[in-house]
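Hi everyone, thanks for coming. I'd like to walk you through a structure today, one piece at a time. Have a look at it while I talk.

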2 protein chains.
Amino acid sequence: MTHTLDAADSGILRDVLDGRWADVRREARELAKDPRFTVEVGQDTEEQRARTFERLAALAEGGYARLGFPTRYGGANDVGGSITAFEMQGMGDLSLLVKAGVQWGLFGGAILHLGTERHHEKYLADIVSLDLLGCFAMTETGHGSDVANVRTTATFDPDTDEFVVTTPSTSARKEYIGNAARDGRVAVVFAQLVTGGELHGVHAFVVPIRDADGNPAPNVRIEDCGLKAGLNGVDNGRLYFDDVRIPRDNLLNRYADVAADGSYTTPIENKTARFFTMLGTLVQGRISVAGGAGSATKVALAIALRYGNSRKQFENPATGDEITVLDYLGHQRKLLPALAKTYALHFAQLELVAGLDETTPDLDLPVAEQHPAEHPDRRELETRAAGVKAIGTWHATATIQACREACGGAGYLAENRLPGLKADTDVFTTFEGDNTVLLQLVAKELLTGYSEHFGNLDLRGTALFVADQVVETVIERAGGRRLLQRLRDAAPSRSDEGSVFDHDWQISMFTHREKHMLESLAMRLRRAMDADDQFAVFNAAQDHLLGAARAHVDGVLLAAFVHAIEQVPAGPERDLLVSLCDLYALSTIEAERGWFAEHGMLTANRSKAVIAAVNELCGAIRPQALTLVDAFGVPDSAIAAPIAWPEDVPEAGGINP
Amino acid sequence: MTHTLDAADSGILRDVLDGRWADVRREARELAKDPRFTVEVGQDTEEQRARTFERLAALAEGGYARLGFPTRYGGANDVGGSITAFEMQGMGDLSLLVKAGVQWGLFGGAILHLGTERHHEKYLADIVSLDLLGCFAMTETGHGSDVANVRTTATFDPDTDEFVVTTPSTSARKEYIGNAARDGRVAVVFAQLVTGGELHGVHAFVVPIRDADGNPAPNVRIEDCGLKAGLNGVDNGRLYFDDVRIPRDNLLNRYADVAADGSYTTPIENKTARFFTMLGTLVQGRISVAGGAGSATKVALAIALRYGNSRKQFENPATGDEITVLDYLGHQRKLLPALAKTYALHFAQLELVAGLDETTPDLDLPVAEQHPAEHPDRRELETRAAGVKAIGTWHATATIQACREACGGAGYLAENRLPGLKADTDVFTTFEGDNTVLLQLVAKELLTGYSEHFGNLDLRGTALFVADQVVETVIERAGGRRLLQRLRDAAPSRSDEGSVFDHDWQISMFTHREKHMLESLAMRLRRAMDADDQFAVFNAAQDHLLGAARAHVDGVLLAAFVHAIEQVPAGPERDLLVSLCDLYALSTIEAERGWFAEHGMLTANRSKAVIAAVNELCGAIRPQALTLVDAFGVPDSAIAAPIAWPEDVPEAGGINP
């Protein structure tokens, strides 16, 4: 089959990509023209921090932070819009992105979602306006992923009606805390709540860390984490609390409270469930990070594909003309499957943002009427967010690296943005949840089938409740057959039966892989429940567990891609997206072809046909590669790389002896 | 099979790793104690450049550069030693490594290997002593990999007995040139030699670029490439020549000369052969880069494994103890197969350095008696160097990234070295030959069977001479059966027939893959010779071509590993290396298991057995992971990461309510 595609219109594609919060995206593209936000290179750490702070103030001034907060505190009560605005900011200055995320997403989000009216009244308006800068102090040097075991304590002293916040050892210092080294005035500190000699688990407290002059508050010690691989506009620091006393009211008391007599009350009796409910507020951060990673990936692809479309290297001996590097199959293979997956991730992101928006209670309601954890789709959303964050940030790291290499020496120069994109996004794979730990969480949630056995789920260990019901895959939940039929309707021409382009077959490969990996994993782990050394059984299955989570996320992405295609009117744009979806599906099957062969799902010939199909699709999509990146709507100011502007790239010229 | 290994002695392993130039390595480890070479972070570009220059002077003063030069110019005539010293420097300051490589390897090497006595007399002593700093000006903005098509011209003017060096267009400027922006006084410039209106292809010329005061020489324009992702101690710049006149004697005339009347003479009539002979001098640079990449990889593994061996996260619910992160299978899988491949690459590197030493003529001989290109093993060495450089530098990028992620947030802090190692080595994958282009070169050389059809080989295009003879693989050339027998003798206990631990089977998998890929590639490309659109046929096979080259290098590494094992006395050290070699072999087979299944070489069950074996080996080797990195002999000063020193890492402590 020879694959030809009519020229598509990037404007039509952009409408599909922009989705429900298109107006927020358009505003962000306008804002990117403001020279105050121009991406710069070559500043030292202090200059970058100062500049990032100025930009943060400019964002606040422009109302950027309003979207995610209640109306009465100067907000606009539009959660989906706030995540979309954050995502768009990921195309620009990434230090600004992360500092904004710390201030309004993590710090502001903790006050908003873990606090009650008394905290909202006191802090939110100042947070939105940037009159109060704060930190989100969760991670400790000794406990990063294992948040349940942080060592900082907040012990209630009924004599003074205060909590005493203590860092009991150096390893319990709060670590990598954004806004701590320079700008933060208060911190939301996660600490073990102790009252009457009893430990009640991790809770969040508002702790002042600096006075009005910027000096550390009494008994607070602050260290600077110093230079980092990237994001040096963000002032990360370490916090130590030497019996810092805070009023009892500083407990963020939405899910638990301590009375003046020291008695502890909570609406969520089960300690594990309470812990996960509090941590559920992290979902917004994970979705935000996934979006930011996607934006940085798009910028890198825009730069590398534009350069690859103009740069020539080596002559075609038959014609004497030099060959455009993007015409080489090897070059296409470096960039085009990554472009397809970037689309898939974008569509999954649109669904995550919509899901977050739908499952987040109206922020303008009284706190007592807000119950996010009770929304039936919330846990599934949290799991999906964890998985997409992991796969999306790894994809960002790999793709930006591929873009850097695809641009050769030019990709190593700071002026061409790729070094900054790479260095700044690198930490995305391990912050807001280490990707490996997140995938483990995904697999565990799938195994429990989102059952009510929530409380028995032990994040820290191995004693898993494994659901008995048959595993249902993402694609099945998304409507299985129906979905497929819709895709067939949308793209009848490509669905020739028996070919690897047959969507029925592609989808069944994804579905069976997820189902088989989960079912066989469940069998292995059920055995662990009776084993002497549960950890050993669990540990021996860890790669299986991670693989099952990946298979699940692969399915999430495919289902999202198919959903998106349905929304595109028939025409060259839909045809192009169908081919791009084929490329995503087939390059995923290609990458996993060892597994498929091991499970009797891919014959040798069919496996080779998959490889050939990926090559064919690369060639078919290549002429429209620039259309596909134009559709992302990356602002020109963000494609701030000389190599991305062919008219400015010197012509190669000839030799005239 | 349960796999237990007795504790090995890192000293014995180190002797094997240190190899023939162990004394050079010991000297380098001593030198690393000198505080002048301490790795630093946080300096701005100008500070880094100044510091790197001071360090370069300190190296010169200590006699570092002597090894690679003839005795009469202050050298020590020890090529293998010079490459080994360079490799060791890769554990320390990588800007210093690259600046030393530019000065003594590329610039000094070009004068040494392309020049004749008149150039040696004039320049070499000053190059060794650092009284003359120079550049290697080959790459142009418009032509990087395609050196044969550089546009800079050097036109002979018989009236003045001079060459006129000209940059005809902006894209012909010399690009990314180390030492150009700040320190270089002269440059070896690669330009198209024109005399009497005739073009003779690329030749090298000595062109002064700065006067004694450091100002640009007349008609030379110099620009600064500015900030880069890393290596900011190296002053990369751009050079433009506006009809710069240089004496005729400045042609480096080992392989071609121009007489006063403008007549051109050369001992190598064939233009392509001449070009490749001149470029053959690049082999030393490629071997050096591979060595430097290996050293940086070892430092990263030392840091990540030491941290992984001390950091604990999550409790074992059965015991209540926290689990050391390196005990997790997922963590082992991130780092231990990479450690095994690092060993394989190290052993291949030892062979490359020995091969370079043996095929490089005695530098103290008169130039007329030096004929490196005529050594029978030279082309095979060049090919192997290209392949190992590509695979080794990609391995460095991937492994340092994995180490960064394995260290979580701590891996993102500059103080823990991983950000610097990552950023500084990133460009290794595209400089000294872009890896993709190098692998293409490897495959093409294998296809020609190193035949005499050298002159017909068209690097730039598609018209390939494909050898008719049966492809012989690395392992077969290295002694095939004999090699296997020796491995069997060395490690009888692990070679149980029918198991995936059977070395016979492992080696046959490598051998058959290389042979099959090359033979089927040859068939595809022979067809291209008659095709209308040769480029299209070649391009459709590009991924096959790159795969064949990878298969070849995989075999090079396995053969080198087996050779090394033979040299280890029987005992726990040999047993450990045999297991590590198994891990290298099996993780390589695992990564390629899709291909093996497609070619009927791996059943579903056996494929699963390979995965299980990799897991088992990870567990077996894990207790000796630190012994294996200790054996690298990375100086303490290079493991300059607080997280790598567990005694300094704060204890996690308990919670005392």
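Let's start with Val189(A), which stands opposite Phe205(A) in strand S6 of chain A. Before I go on, please keep in mind that this is a predicted model. The strand that pairs with S6(A) here is S5(A): nine bridges join S5(A) to S6(A), residues 198–208, and the two run antiparallel. The two strands form a hairpin with two residues between them, and in that hairpin Gly196(A) takes a positive phi near 55°.

S5(A) has other partners too. Strand S1 of chain A, residues 134–137, is joined to S5(A) by four bridges, and these two strands run parallel. Our friend Val189(A) turns up again here, as the bridge partner of Ala137(A). Strand S2 of chain A, residues 153–157, also runs parallel to S5(A), with three bridges between them. In that pairing, Thr155(A) stands opposite Val194(A).

So how many residues of S5(A) are buried? The count is 10 of the 10, so the strand is largely enclosed by the rest of the structure.

Now step back along the chain to the loop between strand S4 (174–177) and strand S5 (186–195) of chain A, where you'll find Asn179(A). Is Asn179(A) buried or exposed? It is buried, with a relative accessible area of 0%. The side chain of Asn179(A) makes a polar contact of 2.6 Å with the side chain of Lys99(A). If we leave aside neighbours within four places in sequence, the residues in contact with Asn179(A) include Val102(A), Leu133(A), Cys135(A), Arg210(A) and Asp235(A).

Next, S4(A) itself. It belongs to an open sheet of three strands, in the order S4-S8-S7 of chain A, with antiparallel pairing. S4 and strand S7 (220–224) of chain A stand at the edges with a single partner strand each, so one side of each has no neighbour in the sheet. On average, neighbouring strands of this sheet are turned by 25° against each other, direction ignored. Two bridges pair S4(A) with strand S8 of chain A, residues 237–241, in the antiparallel sense. If you want to find that pairing on screen, look for Ile177(A), which stands opposite Gly237(A) in S8(A).

Chain B has an open sheet in the order S4-S8-S7 as well, again antiparallel. There, S7(B) and strand S8 of chain B, residues 237–241, are joined by five bridges. One pair to look for is Glu223(B) with its bridge partner Arg238(B) in S8(B).

That brings me to how the two chains are related. A rotation of 180°, with 0.0 Å of shift along its axis, superposes chain A on chain B with an RMSD of 0.0 Å. That is the relation of a two-fold axis. Which residue of chain A comes closest to the rotation axis? That would be Gly594(A), whose C-alpha is at 2.0 Å. And 99% of the interface residues of chain A are also interface residues in chain B, so the copies meet through the same surface.

While we're in chain B, let's visit a helix. H7(B), residues 271–279, is mostly covered, with seven of its nine residues buried. Among the buried ones are Phe275(B), Phe276(B) and Met278(B). The buried residues of H7(B) pack against several elements of chain B, including helix H5 (94–114), strand S6 (198–208) and helix H8 (283–308). The N-terminal end of H7(B) is capped by Asn270(B), which has a side-chain oxygen 2.8 Å from the backbone nitrogen of Thr272(B).

Last, some annotations for chain A, which come from an unreviewed UniProt entry. It places "domain: Acyl-CoA dehydrogenase/oxidase N-terminal" at residues 25–129, and that span is 66% helix and 0% strand. For "domain: Acyl-CoA oxidase/dehydrogenase middle", UniProt lists residues 135–244. Those residues are 0% helix and 45% strand, with end C-alpha atoms 16 Å apart. Finally, "domain: Acyl-CoA oxidase C-alpha1" covers residues 280–447, a span that is 64% helix and 4% strand.

That's my tour. Thanks for listening, and I'm happy to take questions!

Notes: Residues are numbered from 1 along each chain as its sequence is written. Chains are lettered from A and ligands numbered from 1 in the order in which they are written. This is a predicted model: local features need pLDDT of at least 70, side-chain atom pairs count only at pLDDT 80 or more; totals for chains, interfaces and linings use all residues. Side-chain values use heavy atoms; hydrogens and water are left out. Two strands pair if DSSP finds at least two bridges between them. UniProt positions are given in the numbering used here, feature names are shortened, and annotations may be inferred rather than shown by experiment. Buried means under 20% relative accessible area, exposed over 50%, partly exposed in between (1.4 Å probe, protein chains only). A polar contact is a pair of N or O atoms within 3.5 Å; within protein, one must be able to donate a hydrogen and the other to accept it, and residues adjacent in sequence count only if both atoms are side-chain atoms. Contact means heavy atoms within 4.5 Å. Copies are superposed by least squares on the C-alpha atoms of residues with pLDDT of at least 70 in both. Axes are lines fitted to C-alpha atoms, for helices over the stretch in contact, and angles run from 0 to 180 degrees between N-to-C directions.
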